[in-house]
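Thanks for coming. I have one structure to go through today, so please look at the screen while I talk.

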Amino acid sequence: MGVKKKSTAREYAEAFALAILLALTVRTFVVQAFKIPSGSMIPTLSIGDHILVNKFIYGIKMPFTDWVMVPISQPKRGDVIVFKYPEDESKDFIKRVVGLPGDVVEVRDKAVYVNDTLADTSHTQHTDPTVHPDRRDNFGPVTVPPGAYFVMGDNRDQSLDSRFWGFVKEQKIRGKAFLIYWSWDGADSWVRWSRIGRMIH
């Protein structure tokens, strides 16, 4: 008995459906693309950078929820993470992890201390030499609660971060940024080739 041959239209439809399913699976569990809309992470990330985020590294989540089904690892100090903005979860923010659960974080005249030790500043910048008495330049000390993280932008004088709206809950973290796959200078409408393929540290 001969095998009935599928129609060309059906073959294309099945291939298209499979491609969509694979793309959704990858986006949900493994890697997702994001665009940098602000300068809060300069010099690490620039406005117009398009980045890839590893959603698998911290655990596998139940689709469409914040529940981690399979924990894998936890964020470390220095990780650049994407998370749901605590004051509006429809927005995604990207910042660097400064304080882990249990850490004591304090800002003294712009200098950041974690557990009374000066934090790494190799990736940060200050654009305003003036030291303000408010929480931008003098903050804390605060103790990071269990299951939460203290995050800051690398552009310290121009970042809306944990100094202003508090901690990031672990279950609200989408993943770790790891690669710039495209970069476009919106002002000049020009591709920044030197940034493409750059790993995010």
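Threonine 130 sits in the loop that runs between β9 (117-118) and β10 (139-143). Bear in mind that this is a predicted model. Is threonine 130 buried or exposed? Its relative accessible area is 40%, and the cut-offs are under 20% for buried and over 50% for exposed, so threonine 130 counts as partly exposed. Setting aside neighbours within four places in sequence, threonine 130 is in contact with Lys110, Arg136 and Asp137. Aspartate 157 is 27 residues away along the chain, and its C-alpha atom lies 9.8 Å from that of threonine 130.

Next, arginine 192. You will find arginine 192 in the segment after β14 (190-191). What does its side chain reach? The backbone oxygen of tryptophan 184, at 3.3 Å. Again without neighbours inside four places in sequence, the contacts of arginine 192 include Ser183, Trp184 and Asp185. Ser46, Ile47, Gly48 and Asp49 are also in contact with arginine 192.

Last, a pocket. The second largest pocket holds about 230 Å³ of space. It is lined by 13 residues, and those closest to its centre are Pro37, Ser38, Asp92, Phe93 and Ile94. Which elements give two or more residues to this lining? They are β1 (31-35) and β6 (92-99). Of the elements, β6 gives the most, with four residues. By type, the lining of the second largest pocket has eight nonpolar residues, two polar and three charged.

That is what I have; questions are welcome.

Notes:
Residues numbered from 1 in each chain as written. Predicted model: local features only at pLDDT ≥ 70, side-chain atom pairs only at ≥ 80, totals over all residues. Heavy atoms only, no water. 1 Å grid on protein atoms, 1.4 Å probe; cavity = no way out; pocket = protein on both sides within 12 Å on 5 of 7 lines; lining within 4 Å. Points joined across faces, edges and corners; volume = space filled by probe spheres on them. Nonpolar A, V, L, I, M, F, W, Y, C, P; charged D, E, K, R; others polar. Polar contact = N/O pair within 3.5 Å; in protein donor to acceptor, adjacent residues only side chain to side chain. Contact = heavy atoms within 4.5 Å. Buried < 20%, exposed > 50% of the residue type's maximum accessible area, 1.4 Å probe, protein only.
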